[in-house]
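Here are my notes for you to read beside the model, set out as numbered points. Please keep the structure open as you go, and look up each element when it is named.

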Amino acid sequence: MRLLNATTQPLQFEIFHGDPPHYAILSHTWGSESEEVTFQDIRDNTGALKPGFYKIKACCDQALSDGLRYVWIDTCCIDKTNSVELQEAINSMFNWYKWSMICYAYLSDYVALGSERLDVVCFRASKWFERGWTLQELIAPSKVVFYGRDWNSIGSKKELGKVISSIARISTDVLASQNLELSSVAQKMSWASMRKTTRAEDIAYCLLGIFGAHMPLIYGEGGVEAFIRLQKGIMEQSDDHSLFAW
């Protein structure tokens, strides 16, 4: 697992085989490819002027404040030019979020009211709740803290549980880390039914961890074919017939 060492300047990676040290993890929605800081940008120290560097720096600073030296961020901790590494990362991502000490959910479109009171309308309207990948990033970690555009703390998943439950249509028990095996296949599918991904295939790939499934990534196969392969993978390990509702 490749992690950013938040104590280094400029930021540097460390690779861990086996059990990694305690780390924080970032959940966010991506901007354009030109805005985001990549693995190559960190490696070559060329990303500091990109717009996406702000959330990386804020995440690292918050981790250090929380007593954590390492962070994992999907935009830069995966070498996406390496197809083998990308496949391993996507198949492992649910567990990486689950194993994190804390997840910082960065809502770039949430602007504070100027008070500590939650702006429920703005929170509910955040595109973070519409993206496919952020579903597992909400469910998997035991501790999630939400931050607004200026990295102002909005509250934790525990504190905002009822509001998040109504937005995401996920029970507060699931949000509180209830065993996912207690939720039917149809329930899990319903959580993702209104979410979107940029690449068609990702609407299936982003659900792998939630269903405990593993499968090779075939970008270019199309969203329907990817979803059919996901269904087949679920059928091989479950006799839950609610699957056929989807």
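**Notes on the fold**

1. The protein chain contains 12 helices and seven strands, and you should bear in mind throughout that this is a predicted model.

2. On overall dimensions, the C-alpha atoms fill a box of roughly 50 × 45 × 30 Å when it is taken along the principal axes. The radius of gyration of the protein chain is 18 Å, and because a compact globule with 246 residues would have a value near 18 Å, the two agree. Buried residues make up 50% of the 246 residues, while the accessible surface comes to about 12200 Å², of which 52% belongs to carbon and sulfur atoms.

3. Turning to the sheet, the seven strands form an open arrangement in the order 2-1-4-3-5-6-7, with mixed pairing. Strand 2 (12–15) and strand 7 (153–156) each have a single partner strand, so one side of each is left without a neighbour in the sheet, and these two stand at the edges. Neighbouring strands are turned by 30 degrees against each other on average, direction ignored.

4. At one of these edges, strand 1 (residues 2–5) runs antiparallel to strand 2 and is joined to it by four bridges, with N5 having Q12 in strand 2 as its bridge partner.

5. Strand 3 pairs in the parallel sense with strand 4 through three bridges, where Y23 stands opposite Y70, and also in the parallel sense with strand 5 over five bridges, where L26 stands opposite Y104. Which residues of strand 3 point one way, and which the other? Y23, I25 and S27 point one way, A24, L26 and H28 point the other way, and all of them are buried. In a regular strand, side chains alternate between the two faces of the sheet.

6. Helix 4 (residues 83–99) lies across strand 1, strand 3 (23–28), strand 4 (70–72) and strand 5 (102–106), and runs at about 110 degrees to strand 3.

7. The largest nonpolar core has 80 residues, and those with the most contacts inside it are L4, W72, F123 and F146. Helix 4 gives the most to this core, with seven residues. Leaving aside neighbours within four places in sequence, L4 is in contact with several residues, including L11, F13, I42, I56, Y70 and V71. For the protein chain in general, residues 24 or more positions apart account for 61% of the contacts with a separation of 6 or more.

Technical notes
Residues are numbered from 1 along each chain as its sequence is written. This is a predicted model: local features need pLDDT of at least 70, side-chain atom pairs count only at pLDDT 80 or more; totals for chains, interfaces and linings use all residues. Side-chain values use heavy atoms; hydrogens and water are left out. Two strands pair if DSSP finds at least two bridges between them. Axes are lines fitted to C-alpha atoms, for helices over the stretch in contact, and angles run from 0 to 180 degrees between N-to-C directions. Contact means heavy atoms within 4.5 Å. A nonpolar core is a set of buried Ala, Val, Leu, Ile, Met, Phe, Trp, Tyr and Cys residues joined through side-chain atoms within 4.5 Å. Buried means under 20% relative accessible area, exposed over 50%, partly exposed in between (1.4 Å probe, protein chains only). The radius of gyration is taken over C-alpha atoms; the globule rule is 2.2 Å times the number of residues to the power 0.38. Accessible areas come from the Shrake-Rupley method with a 1.4 Å probe; for residues, only the protein chains shown count as cover.
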